[in-house]
Amino acid sequence: MSAYIIEGGHPLDGSVRIHGAKNSVLPILAACLLAPGECVIHNCPELSDVAASLDILRHLGCRAERQGDAVVVDASAPTGWDVPDALMREMRSSVIFLGAILGRMGRAELCAPGGCELGPRPIDLHLAALERMGAVIREDHGALDCTVPMGRLHGAEIVLSFPSVGATQNVLIAAVLAEGRTILRGAAQEPEIDDLIRFLNGAGARIRQDFAGTLIVDGVDSLHAVRHRVIPDRIAAATYLCCAAAAGGSITVEGCVPAHLAAVLPPLEQAGCRVRTWRDAVAITVPERLGSLGWVRTMPYPGFPTDAQAPLMAAALKADGTTVFTETIF
């Protein structure tokens, strides 16, 4: 598609169903590499990043195909440990495959990830954590040559200086087959992390969380294939709610988890929107004129998500009064 043609002035009305969470399914697809056999991932969205992940899995020697809303990945006999630059640069989250390849193959060759042009995406937290687990990583003009001299990663105590979602996911994926115990402090707390943990534990991993939010992983010798349903995409749900706030009208967002939107709903309500929630749906009715949304500050989960800041700002453009956005993540 070369252009979008938008005819404005029409309030939104009706309902929309939310697809599976992109930020959840991508690390789960990478983690399928650890489980010999046929994993079935339900509620898998049809997105370019998902297609790129399946291409990477096929290049590594897995069978990966879509069956309706599900994706089937058979990682019984992977044959590769390298990912070509062209595949790595198709999406910015492709570095999530690093922990999976090292955990299964003991070696990985890839380049820095690509994807949307939002500025630099440093992966130093990922690399430092994997080095603490025994990986030897050589960097040469953006190329990464990673080996595990002992043949298997080992557990380690890792403290993240920032609760990076990607680094947390990479450590979890790498740690489940590592020898011994990995203790991860400062981990991200997003619902997508919980979803990855559910997938890994369902496949035979041993991951638990203590009262302080620290993640503890006791390595196992092997995983097994599993069926898993991906959680709904909370960012997509937030985007539709913000679209209604900007355009006016009344919509129902179905198939979502309202608890995952706890930080997004209060600014909309403050602006005068009527918000109702059910177990798996949120309805919003927008007033004729929005009021100020107050002060919106992006923070790691459970704070206001940075990915919802832009659509909410679009809604704020037509609101009376002043809304202040403070961006601390992007």
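In this predicted model, Leu144 touches Ala108, Glu109, Leu110, Cys111, Ile123, Leu127, Ile137, Arg138 and Glu139, leaving out residues up to four places away in sequence. Leu144 belongs to strand S7, which covers residues 143–147. Its relative accessibility is 5%, and because buried means under 20%, Leu144 counts as buried. Between Leu144 and His228, which are 84 residues apart along the chain, the C-alpha separation is 31 Å.

Pro27 offers a second buried site. This proline lies in helix H1, formed by residues 22–31, and with a relative accessibility of 3% it counts as buried. Its contacts, not counting residues up to four places away in sequence, are Ile96, Gln169, Ile173 and Leu196. Pro27 and Ile6 are 21 residues apart in sequence, and their C-alpha atoms are 34 Å apart in space.

The table sets out the relative accessibility of three buried residues.

| Residue | Relative accessibility | Class |
|---|---|---|
| Pro27 | 3% | buried |
| Leu144 | 5% | buried |
| Asn43 | 13% | buried |

Asn43, in the last row, has a backbone feature of its own: a positive phi of about 60 degrees, although the residue is not a glycine. Most residues other than glycine have a negative phi, and most peptide bonds are trans. Asn43 is found in the loop between strand S2 (38–42) and helix H2. A positive phi also occurs just after H2, where Gly61 takes a value of about 100 degrees. A further backbone feature concerns the peptide bond from Tyr301 to Pro302, which is cis, with omega near 15 degrees. Pro302 is placed in the loop between strand S16 (295–297) and helix H10 (309–316).

Helix H2 itself comprises twelve residues, 48–59. At 1.5 Å a residue, the helix should span 16 Å, and its end C-alpha atoms are 16 Å apart, so the expected and modelled spans agree. The buried residues in H2 are Asp49, Val50, Ala52, Ser53, Leu54, Ile56 and Leu57. The elements that cover these buried residues include helix H1, strand S3 (63–67), strand S4 (70–74), helix H3 (85–88) and helix H4 (97–105).

In soluble globular proteins, nonpolar side chains tend to be buried together. Here the largest nonpolar core has 80 residues, and those with the most contacts inside it are Met133, Leu200 and Leu223. A second, separate core holds 31 residues, among them Ala245, Ala271, Leu290 and Leu293. Returning to the largest core, Met133 is in contact with Leu153, His154, Ala156, Ile158, Val171, Ala174, Ala175, Ala178 and Thr182, once its neighbours within four places in sequence are left aside.

Rolling a probe the size of a water molecule over the atoms shows where empty space is left. The structure holds one cavity of 30 Å³ or more, and the largest cavity has a volume of about 30 Å³. The residues lining this largest cavity are Pro232, Asp233, Arg234, Ala237, Cys256, Val257, His260 and Leu261. By class, the lining has five nonpolar, one polar and two charged residues.

Definitions and conventions:
Residues numbered from 1 in each chain as written. Predicted model: local features only at pLDDT ≥ 70, side-chain atom pairs only at ≥ 80, totals over all residues. Heavy atoms only, no water. Helix = DSSP H or I, 4+ residues; strand = E, 2+ residues; numbered from the N terminus. Buried < 20%, exposed > 50% of the residue type's maximum accessible area, 1.4 Å probe, protein only. Contact = heavy atoms within 4.5 Å. Expected span 1.5 Å × (residues − 1). 1 Å grid on protein atoms, 1.4 Å probe; cavity = no way out; pocket = protein on both sides within 12 Å on 5 of 7 lines; lining within 4 Å. Points joined across faces, edges and corners; volume = space filled by probe spheres on them. Nonpolar A, V, L, I, M, F, W, Y, C, P; charged D, E, K, R; others polar. Core = buried A, V, L, I, M, F, W, Y, C linked by side-chain atoms within 4.5 Å.
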